[in-house]
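Here is a short tour of a protein fold, written to be read alongside the sequence and the coordinates. Settle in and follow along.

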Amino acid sequence: MAKLTPYIFSEDAKAQAEFYTQALGGEILSVQTHGDIPGTKEELKDKVMHLSLVAGGIPIFMSDSIFQTLERGNGIHLSLSFESDAEAHEAFDRMAEGGKVIDPLKTQFWGALFGVLEDKFGVLWQVTTEVQV
């Protein structure tokens with residue numbers, strides 16, 4: 001059985017990880033920098049090679065993008081599902097800080113809350129709740 005873990009490349013992985021752990025609750029579990037690799041150029045030593053965090057109970061990996069320029073795209077959304085409306089609203093509002101609301105969080109025709117936002121780092125998120133029966 002496979003397990004999916006989002007891997008986000010960032011211009012500043014440490015700052016982005018801190019934002020996610022504050023917005024969704026959680027912690028940064030480990031950070032390895034390029035300085036851990038013998039012979040790394042001085043200007044790359046503080047760049048994040050691999051960062052592991054848990055935010056909102058979800059494991060996420062991150063890295064500073066040093067080998068290619070980041071281009072924001074719309075091909076992938078990360079979807080967060082919450083058990084309660086209050087949790088969904090709190091997470092949506094915090095994640096939207098400094099970003100852009102694309103579709104406000106509201107009750108949809110299928111009976112659940114759903115909204116879409118782009119966070120201040122350019123990552124697209126869907127926030128939803130479970131359908132109440």
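Two strands count as paired if DSSP finds at least two bridges between them. Helices (H or I, at least four residues) and strands (E, at least two) are DSSP runs, numbered from the N terminus. You are looking at a predicted model, in which local features need pLDDT of at least 70, side-chain atom pairs count only at pLDDT 80 or more, and totals for chains, interfaces and linings use all residues. Residues are numbered from 1 along each chain as its sequence is written, and side-chain values use heavy atoms, with hydrogens and water left out.

**The sheet that begins with β1**

Tyr 7 stands opposite Phe 61 in β4. That pair belongs to the parallel partnership of β1 and β4 (residues 58-64), which four bridges join. Both strands sit in an open sheet of four strands, ordered β1-β4-β3-β2, with mixed pairing. β1 (7-10) and β2 (26-33) are at the edges with a single partner strand each, so one side of each has no neighbour in the sheet. From one strand to the next, the twist averages 20 degrees.

Helix α1 (residues 13-24) packs on this sheet and touches β1, β2, β3 (48-55) and β4, where contact means heavy atoms within 4.5 Å. The direction of α1 makes about 0 degrees with that of β3; axes are lines fitted to C-alpha atoms, for helices over the stretch in contact, and angles run from 0 to 180 degrees between N-to-C directions.

β3 and β4 run antiparallel and are joined by five bridges, and Ala 55 has Ile 58 as its bridge partner in β4. Their hairpin has two residues between the strands, and Gly 56 there takes a positive phi near 60 degrees.

**The sheet that begins with β5**

Another open sheet of four strands follows the order β5-β8-β7-β6, again with mixed pairing. Its edges are β5 (77-82) and β6 (100-107), each with a single partner strand, so one side of each is left without a neighbour in the sheet. On average, neighbouring strands here are turned by 15 degrees against each other, direction ignored.

The strand pairs with bridge counts can be set side by side:

| Strand pair | Sense | Bridges |
|---|---|---|
| β1 and β4 | parallel | four |
| β3 and β4 | antiparallel | five |
| β5 and β8 (residues 124-129) | parallel | six |

In the β5 and β8 pair, Leu 80 has Val 127 as its bridge partner in β8. Gln 108 lies in the loop between β6 and β7 (113-118). Gln 108 is buried, with a relative accessible area of 17%; buried means under 20% relative accessible area, exposed over 50%, partly exposed in between (1.4 Å probe, protein chains only). Leaving out residues up to four places away in sequence, Gln 108 touches Asp 103 and Phe 114.

**The core**

A nonpolar core is a set of buried Ala, Val, Leu, Ile, Met, Phe, Trp, Tyr and Cys residues joined through side-chain atoms within 4.5 Å. The largest one has 27 residues, and those with the most contacts inside it are Tyr 20, Leu 24, Leu 53, Met 62, Met 95 and Trp 125. At least two residues come from each of α1, β3, β4, β5, α2 (85-96), β7 and β8, with the largest share, six residues, from α1. Leaving aside neighbours within four places in sequence, Leu 53 has contacts that include Ala 17, Tyr 20, Ile 58 and Met 62.
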